[in-house]
Amino acid sequence: DAKSSARRLIGYITKQKFWLFIVAVLVILSTIVTVGSSLIMQPVYSAIEDVLVRGGDPDGAFSKIVKSLVLMSSAYAISAVMSYAYTRIMLSVSVRTLTNMRRELFNHMQYLPIGYFDKRKTGQIMSHFTSDIGRINSLVQSTFTSLISSIIQAVMTISIMVIYSWQITLTITVSIALMFLTVFVITSICRPLFKKQQEATAECNGYIEE
C-alpha cells in the first residue's frame with residue numbers, strides 16, 4: 001500500500017521537525033538566490049546592447065558588466081554554501097531516521113512467529129535491512145530537498161517568464177504538461193517492474209547467503 005507506506009515514512013521523518021524546518025528554509029533561500037541571480041544578467045545584456053547598437057560609452061558598459069558579474073558570483077557562492085549546509089543536515093536526518101527504522105524492524109522481528117522464518121530464506125530477511133532500507137535512504141536524502149527546490153524554482157521561473165513573455169510561458173507550460181504526462185505513464189509501467197526487481201534482489205541475497 002503506497003499511501004500507507006508514505007504516511008509511515010513521513011511519520012519517521014517528521015520526528016526531526018526542527019532540522020527539517022532548517023533544511024526547508026535553506027533550500028528556499030538557496031533556490032531564490034539561484035533563480036534571482038539570473039536577473040542580474042539583464043544589465044549585462046543591456047550594457048552590451050547599448051555599446052553595439054546605440055554606440056554607448058564602452059568604459060561605462062564595462063563597469064556595469066564587472067559589477068553584475070561580481071554580484072552574480074557572490075550570489076552563486078552564497079547559494080553553494082547554503083546547498084552544502086542543507087545537504088549535510090539532510091544526511092544526518094536520513095541517517096537518524098534509518099537507524100530508528102532498522103531498530104524498530106529488528107525489534108519487530110523478535111516477536112514474529114517461527115513460521116515466518118521457516119517460509120523465508122535468511123538472505124531475503126537480510127535484504128529488508130540492507131537493500132530496502134538503502135533505497136529509503138536515497139529517497140529521504142534527495143526527495144525532500146528536491147521537491148521544495150523544484151516547487152520554488154518553478155513558481156519563480158514561471159513568474160519571471162510571465163513578466164517578460166506570456167507567449168513563451170504558454171509554450172513551456174504545454175511542454176511541461178506533456179512531460180508530466182510522459183513521466184506518469186512511464187512510472188505506471190515501471191512500478192510493477194520495480195517491485196519485481198526488489199523481489200529478485202531478495203532472492204539473490206537469499207541465494208548468496210545460502
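**Close-up views of an all-helix chain**

Residues 24 or more positions apart account for 79% of the contacts in the chain with a separation of 6 or more. Keep that in mind while browsing the views below, which come from a predicted model.

**Figure 1. The whole chain, before we zoom in.** Which elements make up the chain? There are seven helices and zero strands, so reading from the N terminus gives α-α-α-α-α-α-α. The radius of gyration is 25 Å, well over the 17 Å that the globule rule gives for 210 residues, so the chain is more spread out than a compact globule. Along its principal axes, the C-alpha trace spans about 85 × 35 × 30 Å. Of the 210 residues, 26% count as buried.

**Figure 2. The surface and its charges.** The accessible surface of the chain comes to about 14500 Å². Carbon and sulfur atoms hold 69% of that area. The chain carries 19 positive and 12 negative charges, and the mean positions of these two sets are 8 Å apart.

**Figure 3. The largest nonpolar core.** In soluble globular proteins, nonpolar side chains tend to be buried together. Here the largest nonpolar core has 18 residues. Which residues have the most contacts inside this core? They are Val-23, Met-90 and Met-101. Two or more core residues come from each of helix 1 (2-13), helix 2 (17-37), helix 4 (58-109) and helix 6 (122-164). Helix 4 gives the most, with seven residues.

**Figure 4. A look around Met-90.** Met-90 is one of the residues with the most contacts inside the largest core. What does Met-90 touch, once its neighbours within four places in sequence are left aside? Its partners are Leu-20, Val-23, Val-140, Gln-141, Phe-144 and Thr-145. Val-23, one of these partners, is also among the residues with the most contacts in the core.

**Figure 5. A second core, with Ile-40 as a guide.** Separate from the core of the previous views is a second one of seven residues, including Ile-40, Ala-47, Ala-61 and Ile-65. Ile-40 sits in the loop between helix 2 and helix 3. Is Ile-40 buried or exposed? Its relative accessible area is 16%, which is under the 20% limit, so Ile-40 counts as buried. Not counting neighbours within four places in sequence, Ile-40 is in contact with Ser-68, Leu-71 and Met-72. For a sense of scale, the C-alpha atoms of Ile-40 and Asn-100 are separated by 45 Å, with their positions 60 residues apart along the chain.

**Figure 6. Helix 3, seen through Ser-46 and Ile-48.** Ser-46 lies in helix 3 (residues 41-52), and Ile-48 is found in helix 3 as well. Ser-46 has a relative accessible area of 31% and is partly exposed. Ile-48 is also partly exposed, with a relative accessible area of 37%. How far is Ser-46 from Ile-65 in space? Their C-alpha atoms are 9.4 Å apart, while in sequence the two residues are 19 residues apart. Ile-65 is one of the residues of the second core. From Ile-48 to Glu-104 the C-alpha to C-alpha distance is 62 Å, and these two are 56 residues apart in sequence.

**Figure 7. Ile-32 on helix 2.** Ile-32 lies in helix 2. With 37% relative accessibility, a value between the limits of 20% and 50%, Ile-32 counts as partly exposed. Which residues does Ile-32 touch beyond those up to four places away in sequence? The contacts are with Ile-152 and Met-156. Ala-75 is 43 residues from Ile-32 in sequence, and their C-alpha atoms are 9.9 Å apart in space.

**Figure 8. Thr-97, tucked into the chain.** Our last stop is Thr-97, which lies in helix 4. Is Thr-97 buried or exposed? Its relative accessible area is 1%, so Thr-97 is buried. Aside from residues up to four places away in sequence, Thr-97 touches Tyr-12, Ile-13 and Gln-16. Helix 1 covers residues 2-13, so the contacts with Tyr-12 and Ile-13 link helix 4 to helix 1.

Notes:
Residues are numbered from 1 along each chain as its sequence is written. This is a predicted model: local features need pLDDT of at least 70, side-chain atom pairs count only at pLDDT 80 or more; totals for chains, interfaces and linings use all residues. Side-chain values use heavy atoms; hydrogens and water are left out. Helices (H or I, at least four residues) and strands (E, at least two) are DSSP runs, numbered from the N terminus. The radius of gyration is taken over C-alpha atoms; the globule rule is 2.2 Å times the number of residues to the power 0.38. Buried means under 20% relative accessible area, exposed over 50%, partly exposed in between (1.4 Å probe, protein chains only). Contact means heavy atoms within 4.5 Å. Accessible areas come from the Shrake-Rupley method with a 1.4 Å probe; for residues, only the protein chains shown count as cover. Lys and Arg count as positive and Asp and Glu as negative; His and the chain ends are not counted. The place of a charge is taken as NZ of Lys, CZ of Arg, CG of Asp or CD of Glu. A nonpolar core is a set of buried Ala, Val, Leu, Ile, Met, Phe, Trp, Tyr and Cys residues joined through side-chain atoms within 4.5 Å.
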